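Let's take a walk through a structure together. Keep the 3D view open and turn it as you read.

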Number of protein chains: 2
Amino acid sequence: MEYINSHILERELKKGSAELLILSLVESRPRHGYEISKLIERRSEGAVRFNVASLYPLLYRLEKRGWIDGRWVEKAGQRRRRYYRLTPEGRKILAAQRRGWQAFAAAVNRIAGVEHA
Amino acid sequence: MEYINSHILERELKKGSAELLILSLVESRPRHGYEISKLIERRSEGAVRFNVASLYPLLYRLEKRGWIDGRWVEKAGQRRRRYYRLTPEGRKILAAQRRGWQAFAAAVNRIAGVEHA
DNA sequence: GTTAATATATTCCATAGCGATATATTGTGC
DNA sequence: GCACAATATATCGCTATGGAATATATTAAC
């Protein structure tokens, strides 16, 4: 199933939702970058895909802002991974971003005339 | 009502939805740039706002791609306005973008754990 | 021993949003 | 008659950033 130019729309939309998606995924438990990218791909059924060149710099930005907190975990028989967990500050931001997303999605649905999206 | 950092989310998200919103607004009848920007602001209740430096170049792009068709209208007692109407090609793109938006919004809702957004 | 999958990382380029600014016209209040 | 706000279109220049390409390292599979 391939929509005409749908990839353009998705590419652009993805940008704004990236933070919300990442924060949401590390809400329940710490996760590492690769896991996050794979989760987004699977759960969105391909509608959202992250380029590593976007994902990792974004994780650094979120950490620098104090919204997530990363620490290296070394395990025998595994590559070292950096697990990120949500900080209290990040939890507040996540709540705000959820509200922002809902307001935005509602507005787009209203204007674009999309019923029960 | 001001959400923490919500402007960041909105700024980014806007990019991807801009085309969808504009195409939707010129679907029913031709409209000019200023009218489009005001309509988006009003109908979104402030959740989406267009900077003129984004709006006009975007209109030119859409026209260049053949999705909308603009023509100048001069009226006594009014500044000249450029009215844009949706082309048949634009109509197809709009339908595809609506589907793309729905798929995207559904994916974000699923991942971000937003209920009935 | 070669390939694929996992996992993190960076460089470079093109795109594009937006603040600032400009121009022109019409309507309103004083 | 004049200042000001609203309408309407337009562009310059800065900056952010997304993504292709590429690199490195480890483990599993064949």
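What follows looks at the two DNA strands and then at some of the helices. Keep in mind as you go that this is a predicted model.

Let's begin with DNA strand D. There are 22 residues around this strand, and those that come nearest are A:Asn51, B:Tyr34, B:Tyr60, B:Arg79 and B:Arg81. Try finding A:Asn51 in the view: an N or O atom in its side chain is 2.4 Å from a phosphate oxygen of DNA strand D. B:Tyr34 does things with its backbone, where a polar atom is 2.6 Å from a phosphate oxygen of the strand. You can also look for B:Tyr56, which has a side-chain N or O atom 3.0 Å from a phosphate oxygen of DNA strand D.

Which elements give two or more residues to the surface near DNA strand D? From chain A they are helix H1 (6-28) and helix H3 (52-64), and from chain B they are helix H2 (33-43), helix H3 (52-64) and strand E3 (81-86). H3(B) gives the most, with four residues. If you sort the residues of this surface by class, you get nine charged, seven nonpolar and six polar. And what about the DNA side? Of the atoms of DNA strand D within 4 Å of the protein, 69% belong to sugar or phosphate, and bases supply the rest.

Now swing over to DNA strand C. This strand is surrounded by 22 residues, with A:Tyr34, A:Tyr60, A:Arg79, A:Arg81 and B:Asn51 as the closest. Sugar and phosphate make up 70% of the strand C atoms that come within 4 Å of the protein. Some of the contacts are easy to pick out. B:Asn51 has a side-chain N or O atom 2.6 Å from a phosphate oxygen of DNA strand C. A:Gly33 uses a backbone N or O atom, which lies 3.2 Å from a phosphate oxygen, while a polar side-chain atom of A:His32 lies 3.5 Å from one.

The elements giving two or more residues to the surface near DNA strand C are helix H2 (33-43), H3 and strand E3 (81-86) of chain A, along with helix H1 (6-28) and H3 of chain B. Here H3(A) has the largest share, four residues. By class, this surface has seven nonpolar, six polar and nine charged residues.

Next, let's look at how some helices sit against each other. In chain B, the axes of H2(B) and H3(B) come within 10 Å and cross at roughly 120°. These two helices are therefore oblique to each other, and the crossing is right-handed. On the H2(B) side the contact is made by B:Gly33, B:Tyr34, B:Ile36 and B:Ser37, and on the H3(B) side by B:Leu55, B:Tyr56 and B:Leu59. That contact has five nonpolar residues, two polar ones and no charged ones.

Finally, find helix H4 (residues 88-112) of chain A and helix H4 (residues 88-112) of chain B. They pack at an angle of about 160°, with their axes 12 Å apart. That makes H4(A) roughly antiparallel to H4(B), and H4(A) passes H4(B) in a left-handed crossing. Among the residues making the contact are A:Trp101, A:Phe104 and A:Val108 of H4(A) and B:Trp101, B:Phe104 and B:Val108 of H4(B). By class, the contact has ten nonpolar, two polar and two charged residues.

Key:
Residues are numbered from 1 along each chain as its sequence is written. Chains are lettered from A and ligands numbered from 1 in the order in which they are written. This is a predicted model: local features need pLDDT of at least 70, side-chain atom pairs count only at pLDDT 80 or more; totals for chains, interfaces and linings use all residues. Side-chain values use heavy atoms; hydrogens and water are left out. A residue is near a molecule or strand if one of its heavy atoms lies within 4 Å of it. A polar contact is a pair of N or O atoms within 3.5 Å; within protein, one must be able to donate a hydrogen and the other to accept it, and residues adjacent in sequence count only if both atoms are side-chain atoms. Ala, Val, Leu, Ile, Met, Phe, Trp, Tyr, Cys and Pro count as nonpolar, Asp, Glu, Lys and Arg as charged, and the others, Gly among them, as polar. Axes are lines fitted to C-alpha atoms, for helices over the stretch in contact, and angles run from 0 to 180 degrees between N-to-C directions. Angles under 35 degrees count as roughly parallel, over 145 as roughly antiparallel, 65 to 115 as roughly perpendicular and the rest as oblique. A crossing is left-handed if the near helix is turned anticlockwise from the far one by less than a right angle, and right-handed if clockwise. Contact means heavy atoms within 4.5 Å.
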